[in-house]
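User: Could you walk me through how to read a few features of a model like this one? I would like to begin with backbone angles and then move on to packing.

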Amino acid sequence: MFTGIIEEVGKITAVIKGQRSSQLWVSGAVIMDDLKLGDSVAVNGVCLTVSQLRGNKWMADVMSETLNRSNLGDLKGGSVVNLERAMPANGRFGGHIVAGHIDGTGHIVQISKDDNAVIFEIGAPPKILRYIIEKGSIAIDGISLTVIEMTAASFKVSIIPHTVKQTILGIKKPGDPVNLENDLVGKYIEKMLLNPAPKIDHNHEKSGGLTIDFLTEAGF
């Protein structure tokens with residue numbers, strides 16, 4: 001699990017392409033401090049596993065499902081990427097719950113300034129927009145951000161100068177693809193509401209399951 005607080009910007013040193021997969025070699029500095037085989041690292045928000053270590057570089061195997069869902073297939077030698085190690089049990093929860101499981105990609109529609117803030121408008125498909133709410137959380141290329149505005153086909157986030165400088169957002173331009181991960185909470189609630197637990201009568205015991213009626217009675 002990650003928090004969406006990027007630790008550093010790393011660099012892709014090599015991409016070894018398979019028929020429907022790839023291997024990424026990534027260089028870093030901060031995250032290499034205690035990195036070991038089997039560790040999880042979010043690369044542009046995608047949870048990858050360290051398969052090999054070599055000096056200040058590490059390698060991850062990327063399967064076809066990941067390439068289909070994310071923008072990792074666009075990476076090449078020299079590309080820069082956001083990096084975050086998995087959160088330790090005693091770590092600070094600075095962002096929000098980020099699983100590293102990308103829901104899909106969007107694209108940058110517009111970049112504008114608002115005094116010290118930079119406003120990014122992100123276009124996204126309906127299957128992703130349905131789980132986004134104003135003032136809710138969204139992970140963009142692994143960065144935990146807050147939604148400030150929604151439209152029928154896009155959403156906007158406001159970003160402080162520090163985040164722009166410390167992540168790859170500083171080099172992004174309109175039209176560039178970005179990885180998007182929705183907040184997990186909304187998806188789980190929808191799943192439980194649409195597929196409530198089956199009612200089982202055990203000697204007339206009260207059946208369980210999360211339903212609209214149950215939430216209404218509970219004051220939600």
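User: Where does Lys-135 lie in the chain?

Analyst: Lys-135 belongs to the loop between H2 and E10. Keep in mind that this is a predicted model.

User: What should I look for in the phi of Lys-135?

Analyst: Start with the general idea: outside glycine, most residues have a negative phi. In this structure, the phi of Lys-135 is near 70°, a positive value in a residue other than glycine.

User: Is Lys-135 buried or exposed?

Analyst: The cut-off for exposed is over 50% relative accessible area. Lys-135 has 61% relative accessibility, so it counts as exposed.

User: And Asn-44: what is its phi, and where is its place?

Analyst: Its phi is near 50°, again a positive value in a residue other than glycine. Asn-44 sits in the loop between strand E3 (40–43) and strand E4 (46–49).

User: Is Asn-44 buried or exposed?

Analyst: Buried means under 20% relative accessible area. Because its relative accessibility is 2%, Asn-44 counts as buried. So we have two positive phi values, with Asn-44 buried and Lys-135 exposed.

User: Now packing, please. Which residues touch the most other members of the largest nonpolar core?

Analyst: To read a core, look for buried nonpolar residues joined through their side chains. The largest one here has 21 residues, and Ile-140 and Phe-155 touch the most other members. Two or more residues each come from strand E9 (117–123), helix H2 (126–129), strand E10 (137–140), strand E11 (143–150), strand E12 (154–159) and strand E13 (177–182).

User: Which residues does Phe-155 touch?

Analyst: Leaving out residues up to four places away in sequence, its contacts include Phe-120, Ile-122, Leu-129, Ile-140, Val-147 and Leu-180. Glu-121 and Glu-149 are also among them.

User: What other core lies apart from this one?

Analyst: A separate core of 19 residues, among them Val-26, Leu-35, Val-46 and Val-62.

User: How do I read the chain as a whole?

Analyst: Take secondary structure, burial and contact separation in turn. The chain has 5 helices and 13 strands, and 39% of its 220 residues are buried. Of the contacts with a separation of 6 or more, 67% are between residues 24 or more positions apart.

User: What about its dimensions and surface?

Analyst: The C-alpha trace spans about 65 × 45 × 40 Å along its principal axes. The accessible surface is about 12,400 Å², and carbon and sulfur atoms hold 53% of that.

User: How far apart are the mean positions of the positive and negative charges?

Analyst: They are 7 Å apart, taken over 22 positive and 24 negative charges.

How values were computed. Residues numbered from 1 in each chain as written. Predicted model: local features only at pLDDT ≥ 70, side-chain atom pairs only at ≥ 80, totals over all residues. Heavy atoms only, no water. Helix = DSSP H or I, 4+ residues; strand = E, 2+ residues; numbered from the N terminus. Buried < 20%, exposed > 50% of the residue type's maximum accessible area, 1.4 Å probe, protein only. Contact = heavy atoms within 4.5 Å. Areas by Shrake-Rupley, 256 points an atom, 1.4 Å probe, with all protein chains shown as cover. Lys, Arg positive; Asp, Glu negative; His and termini not counted. Charge placed at Lys NZ, Arg CZ, Asp CG, Glu CD. Core = buried A, V, L, I, M, F, W, Y, C linked by side-chain atoms within 4.5 Å.
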